[in-house]
There are 4 protein chains.
Amino acid sequence: MIFIDVRDRRPIYEQLVERFSDLMIRDVLKTDSPMPSVRTLAAELSITPNTVQRAYAELERQGYIYSIKGKGSFVADTKPLLKKSRSRIMSELSELSGRAYRSGISEEEFVNAAGSCYRAHTAAEGGTRND
Amino acid sequence: MIFIDVRDRRPIYEQLVERFSDLMIRDVLKTDSPMPSVRTLAAELSITPNTVQRAYAELERQGYIYSIKGKGSFVADTKPLLKKSRSRIMSELSELSGRAYRSGISEEEFVNAAGSCYRAHTAAEGGTRND
Amino acid sequence: MIFIDVRDRRPIYEQLVERFSDLMIRDVLKTDSPMPSVRTLAAELSITPNTVQRAYAELERQGYIYSIKGKGSFVADTKPLLKKSRSRIMSELSELSGRAYRSGISEEEFVNAAGSCYRAHTAAEGGTRND
Amino acid sequence: MIFIDVRDRRPIYEQLVERFSDLMIRDVLKTDSPMPSVRTLAAELSITPNTVQRAYAELERQGYIYSIKGKGSFVADTKPLLKKSRSRIMSELSELSGRAYRSGISEEEFVNAAGSCYRAHTAAEGGTRND
DNA sequence: GTGGTCTAGACCACA
DNA sequence: GTGGTCTAGACCACA
């Protein structure tokens with residue numbers, strides 16, 4: 001379910017954070033369901049528990065999971081997170097479009113770029129997701 | 001040519017920076033043409049020379065104008081600036097579209113939002129530009 | 001005895017939870033005395049029984065009331081609840097004062113703020129309580 | 001200047017974050033001045049560079065320092081941070097005082113507790129600071 | 001068993 | 001030189 005992309009130049013822990021948060025947002029991992037234990041996942045991916053731990057710590061900091069000492073880590077309710085994330089994206093898009101306008105980028109150019117940038121991500125992560 | 005929007009909650013010097021850089025990017029103000037002197041502009045806009053000075057300092061820092069002691073300020077060549085600005089906008093748009101994708105925003109929704117955000121800026125600043 | 005503040009922007013069920021828990025903590029509502037039935041209270045306040053139900057469910061979850069099927073809801077013993085709540089408040093106050101100290105807030109400023117914040121709540125809720 | 005308290009049960013990296021942010025807020029460490037390098041500080045404190053790195057990462061995340069790869073870490077401008085921190089503390093104090101009021105804690109009790117909690121922190125960290 | 005911290009050391013990219 | 005990531009392993013508190 002979770003794979004590490006060796007060609008990806010980003011650190012492993014960052015990849016893990018993205019993969020997991022993705023699965024939660026798409027509701028593949030349901031609220032309150034248990035995450036694999038740090039050691040289990042480390043063994044499965046053949047990486048050190050430290051790196052998994054780091055990813056989990058970041059996921060917890062961002063509100064995607066909650067950890068209970070001695071019990072394990074669990075998927076948090078990501079709905080409020082999603083809402084906040086969306087509204088933030090929209091406000092950044094607004095700021096960005098203003099700068100685009102002032103840099104002489106036309107509406108057509110801007111909208112087209114938005115579309116092709118978006119599709120680039122679908123392609124890039126689509127493959128990984130189907131594994 | 002330059003107007004201050006009293007309803008705009010941003011500081012005046014920031015408005016001036018935006019208005020001037022705008023005129024340069026749209027090539028209304030040509031490279032090497034002289035900027036109005038600090039005192040002249042301050043008198044015209046009925047604001048303190050200090051505020052104009054601050055705007056000019058910021059424009060110089062950003063590379064939009066250059067100053068020659070005893071002669072005044074002049075419009076810089078903004079083409080390289082523009083190129084850098086555009087490529088930065090595109091890379092931010094790419095990063096943003098990835099986050100949109102991962103937040104469950106569809107391509108259609110993202111592209112539509114890009115368009116309407118852009119048009120919001122055209123409407124808001126359109127009046128100033130035609131002067 | 002129970003009023004809804006239409007100007008209060010919080011959801012009605014949350015207001016109900018606060019009003020009731022308040023009355024229990026101040027011992028206006030005694031342990032084991034019956035709560036008004038869901039339908040009665042809903043009619044009295046001209047709100048839907050659903051909202052009252054939600055407030056009661058929350059009060060039960062927090063330990064303020066207990067429900068007996070077919071008989072109704074009753075006020076729980078709130079003394080242990082109170083003790084826990086107080087000790088939690090004190091530990092949060094301790095944590096907060098540490099952060100205040102480290103943010104350069106003086107003892108005088110902190111203590112004064114504590115007092116005026118407290119009085120703000122007395123004023124705001126004073127009216128409701130006397131009814 | 002920086003010491004680790006072995007009796008402190010909190011993790012070392014957390015102590016480091018607190019000590020450093022403290023020094024910045026009290027303006028002992030000035031904006032843009034260089035932080036000791038990760039390796040230097042690790043050697044000085046006889047701990048592993050990893051732990052220092054972790055503390056620096058947290059300080060950067062919180063906005064206290066900024067790091068430039070290959071150049072080092074530097075003290076950030078903490079003034080806006082301070083302002084935000086203070087306003088947050090005040091709003092939490094307000095929320096807390098409301099809960100105190102509703103838990104039957106009197107104004108006098110609350111204000112006194114605020115004072116003695118505050119003084120506890122002065123005492124606890126006063127000694128460390130003078131070293 | 002679980003998460004969380006730390007050690008001692010390696011290697012990378014960047015300047 | 002600098003910060004940043006990772007390994008392989010130890011130990012702790014908590015359940």
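A residue is called exposed if 12 or fewer other C-beta atoms lie within 10 Å of its own, and buried if 20 or more do. The exercises below apply this and related ideas to a predicted model.

**Exercise 1. Determine whether Pro11(D) is buried or exposed, and describe where it lies.**

Solution. Step one is to place the residue in its chain: Pro11(D) belongs to the segment that precedes α1 (12–25) of chain D. Step two is to apply the cut-off. Pro11(D) has 12 C-beta neighbours inside 10 Å, and it therefore counts as exposed. Step three is to look at a distance within the chain. Pro11(D) is separated from Thr122(D) by 111 residues in sequence, and their C-alpha atoms are 21 Å apart in space. Step four turns to the DNA: Pro11(D) is one of the residues that come nearest to DNA strand E.

**Exercise 2. Describe the surface near DNA strand E: which residues come nearest, and which elements supply it?**

Solution. Begin with the residues. There are 23 around DNA strand E, and those that come nearest are Ser37(A), Gly70(A), Pro11(D), Ile12(D) and Gly70(D). Next, consider the elements. In chain A, α2 (38–45), α3 (49–61) and β2 (72–75) each supply at least two residues, as do α1 and α3 (49–61) in chain D. The largest share is that of α3(A), with 4 residues. Finally, sort the surface by class: 7 residues are nonpolar, 12 are polar and 4 are charged.

**Exercise 3. Carry out the analysis for DNA strand F: how many residues surround it, and which element gives the most?**

Solution. DNA strand F is surrounded by 24 residues, the closest being Pro11(A), Ile12(A), Gly70(A), Ser37(D) and Gly70(D). At least two residues each come from α1 (12–25) and α3 of chain A, and from α2 (38–45), α3 and β2 (72–75) of chain D. The element that gives the most is α3(D), with 4 residues. By class, the surface near DNA strand F has 8 nonpolar, 12 polar and 4 charged residues.

**Exercise 4. Characterise the interface between chain B and chain A: how many residues are in contact?**

Solution. First, count the contacts: 33 residues of chain B meet 34 residues of chain A. On the side of chain B, at least two residues each are supplied by α1 (12–25), α4 (79–102) and α5 (107–130). Of these elements, α4(B) gives the most, with 15 residues. The classes on this side are 16 nonpolar, 9 polar and 8 charged.

Second, superpose the copies. Chain B is laid on chain A by a rotation of 179° with 0.0 Å of shift along the axis, at an RMSD of 0.3 Å. Within chain B, the C-alpha atom nearest this axis belongs to Val111(B), at 2.9 Å.

Third, compare the two sides. Because 100% of the interface residues of chain B are also interface residues in chain A, the copies meet through the same surface.

**Exercise 5. Find the rotation that relates chain D to chain C, and describe their interface.**

Solution. A turn of 179° and a shift of 0.1 Å along the axis lay chain D on chain C with an RMSD of 0.3 Å. This is the relation of a two-fold axis. In chain D, Val111(D) comes closest to the axis, its C-alpha atom being 3.0 Å away. Both copies use the same surface, since 97% of the contact residues of chain D recur in chain C.

For the interface, 34 residues of chain D are in contact with 33 residues of chain C. The side of chain D draws two or more residues from each of α1, α4 (79–102) and α5 (107–130). The largest share, 15 residues, comes from α4(D). This side comprises 16 nonpolar, 10 polar and 8 charged residues.

**Exercise 6. Where are the closest C-alpha atoms of chain B and chain C, and of chain B and chain D, relative to each other?**

Solution. Chain B has no contact with chain C, and their closest C-alpha atoms lie 27 Å apart. Chain B likewise has no contact with chain D, the closest C-alpha atoms here being 18 Å apart.

**Exercise 7. Check the span of α1(B), then list its buried residues.**

Solution. At 1.5 Å a residue, the 14 residues of α1(B) should span 20 Å; the end C-alpha atoms are 20 Å apart, which agrees. The buried residues of α1(B) are Leu16(B), Val17(B), Arg19(B), Phe20(B), Ser21(B), Leu23(B) and Met24(B). Just after the helix α1(B), Asp27(B) adopts a positive phi of about 60°.

How values were computed. Residues are numbered from 1 along each chain as its sequence is written. Chains are lettered from A and ligands numbered from 1 in the order in which they are written. This is a predicted model: local features need pLDDT of at least 70, side-chain atom pairs count only at pLDDT 80 or more; totals for chains, interfaces and linings use all residues. A residue is near a molecule or strand if its C-beta atom, placed from the backbone, lies within 6 Å of it. Ala, Val, Leu, Ile, Met, Phe, Trp, Tyr, Cys and Pro count as nonpolar, Asp, Glu, Lys and Arg as charged, and the others, Gly among them, as polar. Two residues are in contact if their C-beta atoms, placed from the backbone, lie within 7 Å. Copies are superposed by least squares on the C-alpha atoms of residues with pLDDT of at least 70 in both. The expected span of a helix is 1.5 Å times one less than its number of residues.
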